[in-house]
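Student: I have a model to go through. Can we take the calls one by one and ask what backs each of them?

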Amino acid sequence: MEKENKKCDCEKDSFLEKLFQEYLPEKDNLIQMLNEIQEHYGYVPMHVQKELSEFLNIPMAEIYGVVTFYSRFSLEPQGKYKISVCLGTACFVKGSQKIMDRLTDRLKIEPGQTTKDGLFTIEQTRCVGACGLAPVFTVNGEVYGRATVQKLDEVLDELIKTESK
Ligand code: FES
């Protein structure tokens, strides 16, 4: 699992150049520009926050505040597969912590971290609105209900197999 999940710097530069041509340097454009940046890079890199700060004439601290406030923005590169385990009440009482423990054990990372090969990010969530299916985990938003450690193992094995082809 040594595949690279990053884009080259030249691509980043041309992306930013284009972005700064598309938008007027107005504060109101901040969220929309951050959305595009998140989508392109998979996170909001520090050097991009700095360039955005200069372009929009907004202090870095303010941009950082927005990025950390909204959960859709991330400061770290995200894995190709974002696996979220719901630790909301309904899922927790049905044993979702065991699923989380298994996940951190297998991937050797903690919630909020990404594996070195860039494939997996683990997240913990609070209620994804599927309590009737508790316990629940999701992979890139796809819900796996009435989950078990065995089901998690199957899904992980399948993803690892796909990526090693
Ligand atoms: S508590 Fe897990 S989906 Fe609601």
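**Strand pairing and a helix on the sheet**

Tutor: Start with E3 and E4, which pair in the antiparallel sense over three bridges. Keep in mind that this is a predicted model.

Student: What makes E3 and E4 a pair?

Tutor: Pairing requires at least two bridges. E3 and E4 have three bridges, antiparallel in sense. They count as a pair because the cut-off is met. Within this region, Thr138 stands opposite Val143 in E4.

Student: Why is E4 called an edge strand?

Tutor: The open sheet runs E2-E1-E3-E4, with mixed pairing. E4 (142-144) pairs on one side only, and so does E2. That makes both of them edge strands. From one strand to the next, the twist averages 25 degrees.

Student: Where does H6 pack?

Tutor: On the sheet, where H6 touches E1, E2 and E3. Its direction makes about 150 degrees with that of E1.

Student: How do you know that the buried residues of H6 line one face?

Tutor: A residue is buried if 20 or more other C-beta atoms lie within 10 Å of its own. In H6, Ser96, Ile99, Met100 and Leu103 are buried. Down the helix axis they fall within an arc of 100 degrees, so they line one face. Residues three or four places apart point the same way, because an α-helix has 3.6 residues a turn.

Student: Which exposed residues does the face turned away carry?

Tutor: Asp101 and Asp105. The cover over the buried residues of H6 includes helices H5 (89-93) and H7 (149-163).

Methods: Residues numbered from 1 in each chain as written. Predicted model: local features only at pLDDT ≥ 70, side-chain atom pairs only at ≥ 80, totals over all residues. Buried ≥ 20, exposed ≤ 12 C-beta atoms within 10 Å, placed from the backbone. Helix = DSSP H or I, 4+ residues; strand = E, 2+ residues; numbered from the N terminus. Arc of directions from axis to C-beta. Contact = placed C-beta atoms within 7 Å. Axes fitted to C-alpha atoms, helices over the stretch in contact; angles between N-to-C directions.
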